[in-house]
Amino acid sequence: MSLSLRSAAILGAGLMGRLMAAALAQAGCKVDLFEAGSSEAEGAAARVAAAMLAPLAESAVAPASVVRMGQYALARWPELLEPLAQPVFFQREGTLVLWHRQDTAEATRLARVLANTGTQVPELAPMQSVDAGAIATLEPSLGQRFAQGLFLPGEGQLDNRALLASLLATLERDPRVTLHWQSLRTPSDFSPGKAGQPDWVIDCRGLGARPQWQALRGVRGEVIRVHAPEVSLQRPTRLVHPRYPLYIAPKPGNLFVIGATEIESDDMSPASVRSTLELLSAAYAVHSGFAEARIVEIATQCRPTLPDNLPALRLPQPRVLQINGLYRHGFMIAPAMLDAAMEVLAQGHSPLAKSFGMETQDT
Ligand SMILES: Cc1cc2nc3c(=O)[nH]c(=O)nc-3n(C[C@H](O)[C@H](O)[C@H](O)COP(=O)(O)OP(=O)(O)OC[C@H]3O[C@@H](n4cnc5c(N)ncnc54)[C@H](O)[C@@H]3O)c2cc1C
């Protein structure tokens, strides 16, 4: 794709900011990346996320347009990871959905929703109902603990922290990129297109963009990372739960991400006792080996979310592109958002975004 811009200032070095910086630099553009925090991404939702890439599972709470973006991204991630400076754990071993007997009604409702998604988005691999024997074959360490479940083939996950670190290493070695840490910026700090200024400003500040995009809200999520040498799971496991979908996502090195609460609040205070008890009890109920796990981290972050819970590309003024509202699907849809944003920068509009039903908003 040939770009008309030669330079860009990118605000926010979370998920979208790092991806945009790498893509623009790769396309020959001079990039200045400004981040309010440090290179550790401590203020980014991307650092806390479980980074599951589960379009069908997420269709329980997401419309078909987001599911399609997720399906597109599953094929696109390996291409994006391939040129990075360091390897990033990525797998497509599917998602296992389980439930306890008392949650059967909720599980039946979920199965109906997923079946309906399957008809709306036929490119998805069909879900499979699995019995105790099939569950034990997929996840031997779960034995015969669950009588039934759903298996969603082809769904994926990646290691979010390895991705952020690898993107950082990629940007650090690129002479076209200048990284500015502890550098809080807003689009109004720039006059894009003027002499001595970047050609474009790309705003990827997540919730940090709220002062200029007031419809944004935070949706609080609490997540626990444990080290559990006694537990072996091949793929993310979701547990049907009446209030929010719980999951256990296995990462390299016997690390497990257990999450996530979903609370309509932008409160970033530490995790509550109730949430911590619920998450850990759920994990223990799935596998008793979590009893001896060591708690590595209990973290809270807020998902940057727009009123319709859908992602958006917005051009609030000429030469300023805002990418936001990635909500709880940031990793799942980031490649689609990235490719759509690159189309906007190359040709002023995005057929890809349109194909996902996402209009580029001029304001
Ligand atoms: C608990 C939890 C679990 C999640 N699990 C998943 C999952 O399993 N799968 C999935 O696909 N998604 C998941 N997500 C969602 C995903 O993390 C987000 O959608 C994604 O990180 C949003 O990316 P972003 O780049 O827009 O924002 P962020 O990743 O939040 O990055 C924004 C960056 O901008 C910086 N910034 C803010 N203000 C300024 C400023 N004024 N100047 C400069 N820099 C600034 C911030 O410090 C931050 O580094 C989860 C999120 C949470 C909170």
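Buried here means under 20% relative accessible area, and Asp103 opens our tour of this predicted model because its 13% relative accessibility places it in that class.

**Figure 1. Asp103 sits buried in a loop.** The loop in question runs between β5 (95-98) and α5 (104-120). Leaving aside residues up to four places away in sequence, Asp103 touches Val240 and Pro242. With a relative accessibility of 13%, Asp103 counts as buried.

**Figure 2. Strands β3, β8 and β4 form an open antiparallel sheet.** The order across the sheet is β3-β8-β4. At the edges are β3 (52-53) and β4 (90-91), each of which pairs on one side only. Two bridges join β3 to strand β8 (residues 156-158) in the antiparallel sense. In this view, look for Met52, which stands opposite Gln157 in β8.

**Figure 3. Lys251 is buried without a salt bridge.** This lysine belongs to strand β13 (residues 246-251). Which side chain of opposite charge is nearest to Lys251? That is Asp159, 6.1 Å away, and a salt bridge would need a side-chain nitrogen within 4 Å of a carboxyl oxygen. A polar atom of the Lys251 side chain does, however, lie 2.5 Å from the backbone oxygen of Ala50. Beyond residues up to four places away in sequence, Lys251 touches Ala50, Ala51, Gln157, Leu158, Asp159 and Val257.

**Figure 4. Two of the aromatic pairs come into view, out of three in the structure.** Phe34 and Phe190 make a tilted pair, at 5.4 Å centre to centre and 55° between the planes. Phe34 is in strand β2 (residues 30-34) and Phe190 in the loop between β9 (177-180) and β10 (200-203), so far along the chain that 156 residues separate them. Both Phe34 and Phe190 are buried. Tyr72 and Phe356 make an edge-to-face pair, with 5.6 Å centre to centre and 75° between the planes. Tyr72 in helix α4 (residues 64-81) and Phe356 in the loop between α10 (351-355) and β18 (360-362) are 284 residues apart. Tyr72 is partly exposed, at 26% relative accessible area, whereas Phe356 counts as buried at 8%.

**Figure 5. Strand β1 is covered on both faces.** Five of the five residues in β1 (residues 7-11) are buried. Ser7, Ala9 and Leu11 lie on one side, and Ala8 and Ile10 on the other. In a regular strand the side chains alternate between the two faces of the sheet. The neighbour β2 runs parallel to β1, with five bridges joining them. One position to find is Ile10, opposite Leu33 in β2.

**Figure 6. Salt bridges reach the loop between β14 (255-259) and α8 (273-286), which holds Asp266.** The structure holds 20 salt bridges. Arg210 and Asp266 form one of them, with their closest N and O atoms 2.9 Å apart. Because Arg210 lies in the loop between β10 and β11 (217-227), this pair ties together parts that are 56 residues apart in sequence. Arg210 is partly exposed at 26% relative accessibility, and Asp266 is also partly exposed, at 39%. Asp267 forms a salt bridge with Arg220, where the closest N and O atoms are 3.7 Å apart. Asp267 shares the loop between β14 and α8, while Arg220 is in strand β11.

**Figure 7. Glu262 and Arg328 belong to a salt-bridge network.** Their closest N and O atoms are 2.6 Å apart. Glu262 is in the loop between β14 and α8, and Arg328 in the loop between β17 (320-324) and α9 (330-347), 66 residues apart. Glu262 is partly exposed, at 23%, and Arg328 is buried, at 17%. Shared partners join Glu58, Arg238, Glu262, Arg303 and Arg328 into one network.

Technical notes
Residues numbered from 1 in each chain as written. Predicted model: local features only at pLDDT ≥ 70, side-chain atom pairs only at ≥ 80, totals over all residues. Heavy atoms only, no water. Helix = DSSP H or I, 4+ residues; strand = E, 2+ residues; numbered from the N terminus. Buried < 20%, exposed > 50% of the residue type's maximum accessible area, 1.4 Å probe, protein only. Contact = heavy atoms within 4.5 Å. Pairing = 2+ DSSP bridges. Lys, Arg positive; Asp, Glu negative; His and termini not counted. Polar contact = N/O pair within 3.5 Å; in protein donor to acceptor, adjacent residues only side chain to side chain. Phe/Tyr/Trp six-rings, centres within 6.5 Å; stacked < 30°, edge-to-face > 60°.
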